Amino acid sequence: MPVTTDIAPRPGYPAQLLAVSGRALAQLVRSPSHSRRAAAARKLARHSLWLSAAGAALVIVLMVAFDLTEIQLMPARGTPSLWPIRILTDFGKDEYVLSLLGIALVALALVAAGLQGPRRALLLGLGTRLQFVFLSVAVPVLVTEILKYLIGRGRPFVGGQANPFNFIPLEGTGAYASLPSGHAVTAFALAFAVSALWPRLRVFMFTYAIVILLTRLVLLAHHPSDVVAGALVGMVGAMAVRYWFAARRLGFAIRADGTIVPLPGAIPGRLKRVAHGASAP
């Protein structure tokens, strides 16, 4: 008499990869479920409002009282001795940062699809955090491109003279894409996102962001008000993405007062905890 079995064959690698990728995307668009998300939303709105008001006031003050003086003190654009600064500033280029994060996400999905059990759960927990960092940079960068087009502020000395009030809205070229600074947006969004997940890296990451900000000034790519505006857009954008993840119990927990805190990191010593998913309690 033939022996039958009810054990289903394990899906092949392509099916596993599709399942891993589908889950990664689905968790981002699922309905928010955290019971404390309303408190977190109020806190986000309050902090964003105060930060935006203070930042906007500082941008106006710099534009009126300091931008002209600062760009006149900088070395001429194209000065040969500035080549190290030109290399350093590329570490804040959004194409490079997003490409690196995107490659890491794809590589993680490819590896996780071939694993099972706690090892897959470990990588998926890390993947959720990488998704957060990627979107924390990508969202404010997208907003920045729209703002640059709408505002149309000329870069320092565009038009042949130092004029911080050289605006041609909807002009759409790189010469009139000074406000806000894209490098500052990327650097401060990345600094906030990494610090939100791993607070011990806060000093290092914000030092990196400030250095990128300064390189844009030395290279006469932006006015001081441009980089301050960029830092503001990057921070507020990353804060909004953090709320989106926390409201869906992804990578963050929400305290009773609405404060968003990171879940414990995905490291081997915590495999058992990670195996339950990267969702907040």
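Here is a walk through the fold as a whole, followed by a look at one of its helices.

What you have on screen is a predicted model. The protein chain is built from 10 helices and two strands. Follow the sequence and you pass nine helices in a row, then the two strands, then one more helix: α-α-α-α-α-α-α-α-α-β-β-α. Taken along the principal axes, the C-alpha atoms fill a box of roughly 95 × 45 × 35 Å.

How much of the chain is tucked away? Of its 281 residues, 44% count as buried. Among contacts with a separation of 6 or more, 75% link residues 24 or more positions apart. As for the outside, the accessible surface comes to about 14700 Å², and carbon and sulfur atoms make up 71% of that. The chain has 27 positive and 10 negative charges, and the mean positions of the two sets lie 16 Å apart.

Now zoom in on helix α5, residues 94-112. With 19 residues at 1.5 Å each, α5 should span 27 Å, and because its end C-alpha atoms are 27 Å apart, the expectation and the model agree.

Which residues of α5 are buried? They are D94, V97, L98, L101, G102, L108, A109 and A112. Look down the helix axis and these buried residues fall within an arc of 125°, so they line one face of α5. Their packing partners are α1 (13-29), α6 (117-151), α7 (182-197) and α8 (202-218).

Turn α5 around and the face pointing away from its buried side carries the exposed residues L100, I103 and V106.

Technical notes
Residues numbered from 1 in each chain as written. Predicted model: local features only at pLDDT ≥ 70, side-chain atom pairs only at ≥ 80, totals over all residues. Heavy atoms only, no water. Helix = DSSP H or I, 4+ residues; strand = E, 2+ residues; numbered from the N terminus. Expected span 1.5 Å × (residues − 1). Buried < 20%, exposed > 50% of the residue type's maximum accessible area, 1.4 Å probe, protein only. Arc of directions from axis to C-beta. Contact = heavy atoms within 4.5 Å. Areas by Shrake-Rupley, 256 points an atom, 1.4 Å probe, with all protein chains shown as cover. Lys, Arg positive; Asp, Glu negative; His and termini not counted. Charge placed at Lys NZ, Arg CZ, Asp CG, Glu CD.
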